[in-house]
Every structure is written in C-alpha cells, then in structure tokens.
Amino acid sequence: MRALHIITGLGTGGAEQQLRLLLRHLPAECDVVTLTNPGPVADGLTADGVRVIHLGMRGNRDLAALPRLTGIVRSGGYDLVHTHLYRACLYGRLAARLAGVRAVVATEHSLGNTQLEGRRLTAGVRALYLAGERLGRATVAVSPAVAARLRAWGVPDARIGVVPNGIDLDRFRFDPAARHRTRRALGLPEDAYVVGGVGRLVPGKRFAVVIRALAQLPSECHLLLVGGGPEEDALRRTAREAGVADRVILTGERPYVPDGTPGPDLPSLLAAMDVLASPSPDETFGLAVVEALASGLPVRHASCPALDHHPTPLARQVSGGAGAFARALAEARAEPPAARTAPEAARHYAVSRSAARLMDVYAAALTGQPLPTAASPTPKGVSSP
C-alpha cells in the first residue's frame with residue numbers, strides 16, 4: 001500500500017513526533033507532505049528514509065497551494081491519504097478528493113472542550129471542520145475523550161476510529177546512567193528533588209502554576225521544563241517574580257530520539273526527574289504523562305484522557321492551582337522511592353499496538369466499510385456542544 005501523509009508542519013510537536021514514530025512501525029510505503037515549517041521532525045523523517053515534500057504554503061488562505069497539493073496526490077499513485085492537524089485536514093481532504101483518492105483518513109490530535117490546536121472553538125471553526133470531515137472516510141481520535149467530542153459535534157459513530165497515541169517503551173525505559181549523566185550536565189545538585197514538566201510553552205499548558213507551586217516547596221526542589229514556545233519569556237519572568245529563577249531550568253525543545261543536537265534527549269531528561277507535573281486541564285490524550293509513566297515516574301496531573309480507562313497508582317489527578325499542586329508534589333516527595341518500572345497503563349500504549357489499529361482503519365477506508373463502533377461512555381471532562 002502507498003500512503004501519503006499530509007501535515008500542517010513538522011516542528012517538534014506531539015503530533016509531528018507521533019507521525020514519525022508511527023511511520024517506523026506501519027507496514028506501508030509512506031511519503032509525507034508538510035504544508036509549512038519543515039522543522040526538526042522533517043530532518044528526522046528524511047534520516048529515517050521517508051520522502052518529505054515541503055509545499056511552501058504561505059498561510060491559511062494561500063489557496064494557490066491547493067492545486068499544487070492536488071498535483072502531488074495525483075502524481076504519486078497513492079492508495080490512501082492520511083491528514084494530520086486542522087489546516088492539513090482541510091486542504092488535504094479536498095486535494096485527495098480532487099485527485100480521485102477516496103480513501104481519506106484524518107487523525108484528530110488536539111480537539112479539546114474549548115480549543116482546537118490552540119484556536120478557540122467558534123461556530124465558524126466548527127462548521128468548517130465538519131464540512132471538511134465529510135470529505136473523508138474515517139476520522140481517527142487519539143482517545144475515547146476525543147471520540148466523544150466528535151460524536152457530540154455530530155460526526156457519525158461509524159466514521160470514528162479510536163487509535164491512541166503510541167510510545168516506544170524501549171526508548172523510555174529508565175536508565176540510571178542517563179539519569180546521573182543528565183543531572184550532572186544540567187548542573188543539578190546530587191540531592192535535588194526534580195519536578196518535571198513536558199510540553200509546548202503555551203498558556204493552555206499552565207506551566208506557571210508549577211513554577212508558583214515550586215515557590216512553596218523546599219529549596220532542594222528544582223523544576224525542569226522541557227519544551228519550547230511563545231510563553232518562554234513569560235515563564236522566566238514568573239520564575240523571577242516567584243523568587244525561584246535559580247531553581248528553574250528550561251531546556252527548550254528536545255528530540256524524541258538522539259539526532260546530534262547538543263544536550264540530552266527527552267527520555268534522558270525524564271530519567272533525570274523525580275516526578276512529572278502536568279497542570280493542563282484540557283488534554284486530548286496526555287502523551288507527556290504516558291511517556292513519564294513509561295519511565296517509571298510518578299505523575300501529578302490535571303487531565304489525562306489516556307488514563308480514564310487505564311488508571312495506575314503512579315498517577316494522581318490534582319484539581320486546583322499552585323497551592324494544590326504544591327501539596328500534591330510535597331506528598332509525592334514524602335513517599336518512599338519505588339522502582340522505576342513502567343506500569344501496565346503505559347504498556348497498553350505500545351506503538352506497535354497503535355500501528356496495528358491504524359492499519360485496521362486503513363483497511364476499512366480502502367474497502368469503503370464502516371469502522372467498528374467507537375461508542376463508549378463519555379469520559380471525564382467531556383462536555384456536550
């Protein structure tokens with residue numbers, strides 16, 4: 001099978017890295033088109049032997065990109081087109097239909113209760129989304145929570161498939177040597193208790209809550225924030241105002257696998273942590289939480305749909321702001337150390353399982369058959385429209 005994946009950009013984001021990981025496990029010949037921003041993940045895909053085409057789209061309303069994209073789809077002889085992220089789903093579905101490819105699958109990576117990839121869920125955004133959705137044969141939700149939101153919007157259940165994000169368990173297995181090496185490279189004291197945070201530095205992730213929580217914890221507690229984004233300067237300012245700037249380390253975006261970039265990769269940074277804090281209240285899956293669990297880390301989180309049906313004692317939900325997180329982190333620190341092994345909740349999301357489920361979706365899309373029902377009880381935190 002020849003498949004073309006179309007994605008809005010290939011910077012170091014969760015959807016982008018998830019695409020690279022899946023392509024390593026899919027038994028299909030795949031090319032990738034990025035509409036814009038051929039960033040670090042594009043380089044990684046190329047290193048993996050995947051053909052990456054940069055469309056050079058100039059913005060959301062660059063309609064001249066549509067015939068170029070249609071030409072790529074038509075000339076590639078693809079059996080199936082798979083789109084990722086809002087803009088790519090709109091243009092990619094339409095280009096596939098214009099090129100005569102009817103087997104079109106889209107993955108919905110970031111549909112929250114109030115936002116879609118950071119944009120507010122207005123009536124216009126919803127209407128345009130639903131108009132584009134009808135051009136495909138299947139929409140993949142990364143969690144039952146996202147599937148419930150799609151159903152609430154009116155997407156027929158027979159068109160919804162649930163394929164959870166996958167993780168490479170071997171990559172995230174705890175490595176004590178990497179822990180020692182990474183903590184030394186970051187200048188962390190030997191006795192430091194390291195609170196971690198992983199994700200885009202954007203307002204919705206609420207990392208300022210963890211910085212303010214740190215100010216309520218003893219001086220041997222440090223914060224290691226992994227990720228990049230527009231909130232970096234604001235978070236540094238928050239750390240200065242809270243009097244903890246000397247205990248906060250921001251690493252910037254870090255690769256999922258070693259790519260020659262100076263500094264440790266994400267699994268090594270997780271190994272250096274003692275607990276992960278995830279204060280975002282509106283997650284669609286909670287990939288950072290699951291990756292932390294794969295490293296054997298205890299987790300304190302505000303939202304993680306991936307754990308709604310796969311709870312684990314290592315992960316506990318926290319409701320509230322800085323005070324609540326400070327208390328939760330202090331309690332985690334007071335608990336006796338445990339072996340850093342992945343619980344079943346993390347092993348459930350092995351990428352090989354996700355790849356196999358995605359191939360089932362592809363088979364249904366190619367044959368025109370409806371997908372197995374995605375019906376399930378509405379997960380916690382899902383609201384109707």
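In this predicted model, strands S10 and S13 (residues 275-278) run parallel to each other and are paired through 2 bridges. Gly196 of S10 has Leu276 of S13 as its bridge partner. Leu276 also belongs to the largest nonpolar core, where it is listed among the residues with the most contacts inside that core.

S10 (residues 193-198) has a second parallel partner, strand S11 (residues 221-226), with 6 bridges between the two. Here Tyr193 lies opposite Cys221. Between S10 and S11 the chain passes through helix H9 (residues 207-214), and the resulting β-α-β crossover is right-handed.

The side chains of S10 alternate in direction: Tyr193, Val195 and Gly197 point one way, while Val194, Gly196 and Val198 point the other way. Residues on both faces are buried. Because 6 of the 6 residues of S10 are buried, that is, under 20% relative accessible area, the strand is largely enclosed by the rest of the structure.

Met273 is in contact with several residues of S10, namely Val194, Gly196, Gly197 and Val198. Its other contacts beyond four places in sequence are Arg179, Leu224, Val226, Leu297 and Arg340.

Met273 is a further member of the largest nonpolar core, which has 68 residues. Together with Ile6, Val33, Leu270 and Leu276, Met273 is named for having the most contacts within this core. Helix H12 (residues 287-294) supplies the largest share of the core, 7 residues. Separate from this is a second core of 31 residues, including Leu10, Ala103, Val351 and Val361.

Technical notes: Residues are numbered from 1 along each chain as its sequence is written. This is a predicted model: local features need pLDDT of at least 70, side-chain atom pairs count only at pLDDT 80 or more; totals for chains, interfaces and linings use all residues. Side-chain values use heavy atoms; hydrogens and water are left out. A nonpolar core is a set of buried Ala, Val, Leu, Ile, Met, Phe, Trp, Tyr and Cys residues joined through side-chain atoms within 4.5 Å. Buried means under 20% relative accessible area, exposed over 50%, partly exposed in between (1.4 Å probe, protein chains only). Helices (H or I, at least four residues) and strands (E, at least two) are DSSP runs, numbered from the N terminus. Contact means heavy atoms within 4.5 Å. Two strands pair if DSSP finds at least two bridges between them. A crossover is right-handed if, with the strands pointing away from the viewer, the path from the first strand over the helix to the second runs clockwise.
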